[in-house]
Structures are given as structure tokens and as C-alpha cells.
Amino acid sequence: MKKYLVKPETKVKLAKWDPNDMGDFKGGKEEGLALLEKLNARLEMLQEVLFAEHKHKVLVILQAMDTGGKDGVIRRVFDRVNPAGVRVASFKAPTAEELDHDFLWRIHKQVPAKGEMVIFNRSHYEDVLVVRVHNYVPPEVWGRRFDQINQFERTLAENGTTILKFYLHIDLDEQKERLQARLDDPAKRWKFRLGDLEERKFWPDYMNAFEDVLGKTSTAYAPWYIIPANRKWFRDLVISSVLVDTLEGLKMNYPESEEDLSGVVIE
Ligand code: ATP
Ligand code: MG
């Protein structure tokens, strides 16, 4: 999975990252889904220990173009975890009150507490993506945000937060197919926004903005992964593996009872 990790301070050219890549994985969809089930079961156990131990905090950030699959990842990778310890925070266009504060204000309020896992569906990265592409603030304002984001994430990391960031990489053709599916399928139409067609025209600008994000804000304490996401099952597989690997690396343990339980007999 290291293959999809963005090394700190590299120049990222997204054209060189294949959204159909399958790495060393030799199986097909069926094998992929079977493996995903095993990984998700492992994730379920790890999340339980995370919750029980009440020590680490885990933040998962999802960013993608429209139809990139953020919702799908949330549904399929976290399908077994305990909702008591996992939360999704979605960031839409900021409210008037949010706009009256610095861009990290609404974000900081949602970060995970001890024992908690929080998934960001969009995030502070919108403030150097959509905001940049549409010139909502001048370049000197968004330009400073890369450093501000790194400092913010460093603060979280130094205070016990494990941060994982996933960019779901699809291509323009795949987006076309997925938008068409949303239009055709009554069960998907609620997700279709005419505005998504407008945004699609800005694809090259977004790729450019994402390249800067990935190149400037992948750090040892908050790494980015570029996930090949044209195949949904492979996308989920890679994300679940990275999560499992990372959580296993935390060497978590169930805590001892706070009381002395030796010799306790239940009548
Ligand atoms: P999604 O597309 O994430 O699945 P959705 O379709 O339910 O969510 P939308 O209203 O289409 O909801 O998406 C949220 C919109 O909010 C996106 O267009 C996104 O670019 C925008 N947004 C998020 N954060 C900001 C921000 N800081 N500034 C401006 N726009 C933002
Ligand atoms: Mg949308």
C-alpha cells in the first residue's frame, strides 16, 4: 500500500497516477470483495480496542471530485464499526457564521476525541480547492493556507491524533459514467446536482489544485494516499488495508479494569 502514499515534498503529476491501477493484486472483483470483508472485520476489532483504550484519536479525511466515491467508502469500508465510537463530519459550503471565522474554526470543532474515529467527508482542503478554483479569496489568502493546514495537522498529531488522508482518484470518463448513472437511476437521482456539471468544466483547474494539495500537505504526521478509484471495490480494498495497517501500528490494548478483580466470584 506504500505505493499509493505521497512522499513529503514531492511534485505530484496526477496524469502519472492510474485511476485503474491494481498494484500487485492479481485477483478480480470477487476475490477483492472477499478480502475486503476480512479487512473490515479486522477494522471492526481494531476500532473496538481504540474505543476501549480511550487513548488514541483517529481522523480519516476523504477528498475527491464529484462522484469520486466518498459516500461509497463511508458505507463500504466502515460497514462493521461501532457507531458509538465513529462519526462522520460532512463539510458543505460554509454558513455566514462560519465565513465570519477563520477557515479552520468549523473544522477544529469536529476533530476526534480520545477513543474516537472521525471521517471527514470533504474538509479544510476545500479551502484550497473549490475556493481557489473559483477565486472566492485572493491567491495570497489561499496560498498561505498550505502552511496553516500543515501546522494545524501537526498540532492534532502531536496531541495524539493519527491522521490519514485519501484522495479518491477517478478520471473524467468515469465521472461521466457515474453522473449519467445518477441521472438515469431514480435511486441515485437525488444525488445529481446541475452544479456538478458546471464543476466538471473546471476539471483541469481542480487537478492542478489537487496536485498542489497532495504535493504540499503530505507529511509524515498526516500523509496523503492517492487511491485508484475507478474500480470501487479496489478503492475500498486499498483504504481498508491502509486503515488496518495503520491502526495495527498503534499497538493498542484493551485496558485493565480500574478495580481489583482478582478473586471475584459471581454468585
Ligand atoms: P458531496 O458532493 O460531498 O457528496 P452533497 O452532494 O450532499 O455532498 P453538495 O452541496 O453538492 O452536497 O456538496 C458540498 C459542496 O460544498 C461542494 O460543492 C463543496 O465544494 C462545497 N464546499 C465545501 N466546503 C467549502 C468551502 N470551504 N468553501 C466553499 N464551498 C465549499
Ligand atoms: Mg455533490
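This tour of a predicted model moves from its ligand to two residues of the backbone.

Begin by selecting ligand 1, which sits in the largest pocket, and then show the 15 residues that surround it, of which the closest are Lys70, Lys92, Ala93, Arg122 and Glu126. If you colour this shell by residue class, you will find five nonpolar residues, one polar residue and nine charged ones. Helix H2 (70–77) and helix H5 (130–133) are worth displaying as ribbons here, since each supplies at least two residues of the shell around ligand 1.

Next, select lysine 70 and look along its side chain, where a polar atom lies 2.6 Å from an oxygen atom of ligand 1. At alanine 93 turn instead to the backbone, a polar atom of which is 3.0 Å from an oxygen atom of the ligand. Arginine 193 then offers a polar side-chain atom at 3.2 Å from an oxygen atom of ligand 1. Taken alone, ligand 1 exposes 620 Å², and the protein buries 78% of that area.

From the ligand, go to arginine 122, one of the closest residues of the shell, which lies in the loop between strand E3 (117–121) and H5. Although arginine 122 is not a glycine, its phi is positive, at about 70°. Its relative accessibility is 23%, and therefore arginine 122 counts as partly exposed.

Finally, select lysine 251, in the segment after helix H10 (232–249). Lysine 251, which is not a glycine either, has a positive phi of about 50°. With a relative accessibility of 65%, this lysine counts as exposed, the cut-off for that class being over 50%.

Terms used:
Residues numbered from 1 in each chain as written. Chains lettered and ligands numbered in written order. Predicted model: local features only at pLDDT ≥ 70, side-chain atom pairs only at ≥ 80, totals over all residues. Heavy atoms only, no water. Near = heavy atom within 4 Å. Polar contact = N/O pair within 3.5 Å; in protein donor to acceptor, adjacent residues only side chain to side chain. Areas by Shrake-Rupley, 256 points an atom, 1.4 Å probe, with all protein chains shown as cover. 1 Å grid on protein atoms, 1.4 Å probe; cavity = no way out; pocket = protein on both sides within 12 Å on 5 of 7 lines; lining within 4 Å. Sits in = over half its atoms within 2 Å of the grid points. Helix = DSSP H or I, 4+ residues; strand = E, 2+ residues; numbered from the N terminus. Nonpolar A, V, L, I, M, F, W, Y, C, P; charged D, E, K, R; others polar. Buried < 20%, exposed > 50% of the residue type's maximum accessible area, 1.4 Å probe, protein only.
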